[in-house]
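Q: Got a minute to go through this one with me? I'd like to start with how strands get paired up.

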Amino acid sequence: MTPAAPAPRVALFVTCLVDLIRPRIGFAAIRALEAAGCTVVVPAGQTCCGQPALNSGARDEAIAIARRTIALLEGHDAVVVPSGSCAATIRAHYPELFEHDPAWLARAEAVAANTYEIMAYLDEVRGWRPDTALAATATYHDSCSGLRELGIKAQPRRLLNHVAGLSLTPLKGAETCCGFGGTFCVKYPAISNAIATEKAAAIDASGADLLLAGDLGCLMNMAGKLHREGSPVRAFHAIEVIAGMGDGPAIGEAS
Amino acid sequence: MSAAFSKRVDAALADPILKIAVERTAGTAEAKRAIAVDAFAQFEAARTRAAAIKDHVVAHLGYYLEQFETAATSAGAHVHYARTADEACKIVIDICKAAGARTVARSKSMMGEEIGLPHALAEAGIGRVETDLAEHIIQLADERPSHIVWPAMHKTSEQVSALFKQHHALPHSEETIPAMAESARRHLRQGMLGADVGISGANFLVADSGAVCTVTNEGNAELSLVPPRVHIVTAGIEKLVPSMGHAVQLLRLLARSATGATLTQYTTFYTGPKRAADPDGPDAMHIVLIDNGRSAMREDGLAEMLRCIRCGACMNHCVVFRQIGGHAYGGTYPGPMGAVLTPALDGLAASRDLPNACTLNGKCQEVCPVKIPLPTLLRGWREKSWREGLEPATMRQGIAAWAWVAQRPRLYRLAVRAAIFGMRRFGRGWIRTLPLASGWTAHRDLPAPDSESFMNRYARGER
Amino acid sequence: MSARADILGKLGTAAPPPGTAEALLADPVRPAVAGDRVATFLTALALPASGATHERIGSVAEAPAAVARYLAEHALPPAVFVPDDPRLAADWSGFALSLAITPDEPAVIAWARLGIAETGSLVFETGPHAPMLPNFLGLHHIVLLPETAIVAHLEDAALPGPQPRAHYWVTGVSGTTDIEGQYIRGAHGPRFLHVLVVGER
């Protein structure tokens, strides 16, 4: 990073789950982005990217939400999202929603091209490395949307490798879906549970103290299953550890 | 979730034997495929080419059908067209009756299953010998296939052993899988050699030569199709390829994706009936080209699905299939490809659960040898189901209300505040039960929200 | 309307733009076959998935002796089915020869037109002197293949001109994984495949 370069003005889209359940992921994102030399703005009026509507087939509802989210996020140097699936909704699916609407398509594509999952942005765009520390052994689950729609695989590991004292241990089936699937987990709970049970067993067998991933939805599913089964493994969003906030309460621990 | 789907899923999840059986076969297939893909450095480029070949054919399907018909006819085969499953079955039964057939030997074909051929033959009083080992097991058990490559994957060796002892004249005496396979070999040989008609599907129809290509690892297709007097092929119209050179490029991907082999053991191109001086082969060859919804799929946004070469990789790698197996899907085709095809074949109203019972994790698309965007096609069915009002009212109203609020930030902030307040009444760290979220809390704990939302704290100046 | 007219009417029968199908044949994406084709072929043949064995002989005349050795090694009587194929002309008088194929033929001799190095496949065609059924009924399939007929790729297998009833590729022994995914040799077809590579040693 060249110190002389002007700080990019980055819009943080925190996502509805982070807003509601775990705000410290949003604050960790701000901390990491600022450490990487960005000026962070949080557009007021943000709600949800519309993924639940999109994945339920409610196209009109998804389009309506996408329009106002696009309008909110336009005009920044970059849009950064602490979730692979929400970033993929904006990057990969917003333009699909407007394939027959040229004016909105152009706006959707402009925002899409400028939208990044946070760890991909810090690693690939900013070339930034953390100088934080956490003495722990962690394992990493590759959430599906980030992995397959955005190619997020090496970026979080490169950043986590710079957290002093943190050792990463492999997770068997790290690329296998955890069974969350958004509304899938409540529409088909028995199937979701069967998948999550196997995932939890694999996480437990990794021997790690911590489970890390880049999507709060998947983390809630895996951590919730681990906790129900009495596993001692604690779960964090990877950006919390990267930003030096891995010493606080884990997901599900009262703050 | 429909009651029927729910019942099938519950039965599957409650069956510990099914889980073991599915894991053994699909797990082995997954591991073998990974090795084969690693050993083929240009696999990705080969997928791109394969998808392009299939897209070319699907775009010019009528042209290649006519070309195939001309070539096959001039090689001495009879070519028939069928719009529907019923038309196809009627053509096959009429040919069998005209040939005076008492028994047919059938080489595993998913198209035969799709059109209900086993049932049609039974109704016509024609004996049927299923010659693929797995289909033989299925026939003895009077069940339906649960996988397109391993139809009997849900059966354990103990169950197979019992079936063979009940039905084979000279069953195995030793309780090993090789001994059971040997018992089937003895039993089926006479059935294959004594059949009047052999019926197969087609893996490829070669347009320029009129050849029908089948692939098997057991050799049962050849043993079923050479001795009888008549060979009948039932094939979907999307099976066309312009030439053998195009088929070869798809064959390389088919075997690797299905079993991890570089090629199936037996790959045969049949062109017309036996020639006058040939020592063996059938006197007549009939090819039934079946639409059964495919031309409509091409026009209705499902053209990419017609690329499918039926390798089974999508189901072997699907987290949902691995839990519930094939029968729970309730259609001819299970897994991700089945979840796209079944609504087209059986109607969306009866099968709307299939495109929904998917986490959209994208693994199926990643392993598909012809790059079918399965998650996109499944989303397409969800949209259609939503448009047509097939989704449950609670879901429709819930999503609509939530979307309305999500477009009104002030209201949304109030809703978030209310949700935090409401949820925190049920717990401050982990929530063990939560009304209206029992789907979640029946199986796992739910982290309670923090005391205040991110947006509120940020607005107050917290960093 | 006939089903044919209906289906073709819906699909349309316009020809693809000239050259588009051919372009999809150019530079086929396939595993490289570098170096010695014969060695590559024999390596593929011996892979567990193929499960075949081989012996190199100098000429077709040496085939009967090689077959006799093979049968003896497998504790089989000197009895084989040899089709009426002029390419197999040799002194088979030391064997009990089946005149017609039987359902449980222990050993069958055949001639392969080509071998394919890429996959270890053997290429056969039916013809007046080349029956198909014996190659699937026999328990031991013994195939003569000229060393000079080993080609690199599957694309090289195509037979130009009018096609025979069947053109088929055999890649190893018959196998199945239909019971619990366990691999078993000799499901319906041959359990053993032995290739006699004919050429100057």
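A: Sure. Two strands count as paired if DSSP finds at least two bridges between them. Keep in mind that this is a predicted model.

Q: OK, so which residue stands opposite B:Y266?

A: That's C:V170, which sits in β9(C).

Q: And how many bridges join strand β9 of chain B to strand β9 of chain C?

A: There are 5 bridges, between residues 266-270 of chain B and residues 166-170 of chain C. The two strands run antiparallel.

Q: Zooming out, how many residues does each of chains B and C bring to the contact?

A: Chain B puts in 78 residues and chain C puts in 57.

Q: Which helix gives the most on the chain B side?

A: Helix α10 of chain B, residues 177-193, with 8 residues on the side that touches chain C. By class, that side of chain B has 38 nonpolar, 25 polar and 15 charged residues.

Q: Which pair of chains has the most contacts?

A: Chains B and C, out of the 2 pairs that touch. Chains A and C don't touch, and their nearest C-alpha atoms are 21 Å apart.

Q: Then what about A against B, how many residues are in contact there?

A: 57 residues of chain A contact 54 residues of chain B. Several helices of chain A supply at least two residues each to that side, among them α2 (23-35), α4 (59-73) and α11 (189-205). The chain A side splits into 31 nonpolar, 15 polar and 11 charged residues.

Q: Switching topic: where does UniProt put the "Cysteine-rich" domain feature in chain A?

A: The unreviewed entry places it at residues 10-91 and 139-222. In the model, residues 10-91 of chain A are 57% helix and 12% strand, with end C-alpha atoms 16 Å apart. Residues 139-222 of chain A come out at 50% helix and 13% strand, and their end C-alpha atoms are 12 Å apart.

Q: Back to chain B, what domains does the assignment give?

A: Domain 1 is 1-39 + 312-391, domain 2 is 46-131 + 196-295, and domain 3 is 393-460. The C-alpha centres of domains 2 and 3 of chain B are 55 Å apart.

Q: Which feature does UniProt place at residues 399-458 of chain B?

A: "Lactate utilization protein B C-terminal", a domain feature from an unreviewed entry. Residues 399-458 of chain B are 55% helix and 7% strand, with 27 Å between the end C-alpha atoms.

Technical notes. Residues numbered from 1 in each chain as written. Chains lettered and ligands numbered in written order. Predicted model: local features only at pLDDT ≥ 70, side-chain atom pairs only at ≥ 80, totals over all residues. Domains from an automatic or database assignment. Contact = placed C-beta atoms within 7 Å. Helix = DSSP H or I, 4+ residues; strand = E, 2+ residues; numbered from the N terminus. Nonpolar A, V, L, I, M, F, W, Y, C, P; charged D, E, K, R; others polar. UniProt positions renumbered as here; feature names shortened; annotations may be inferred.
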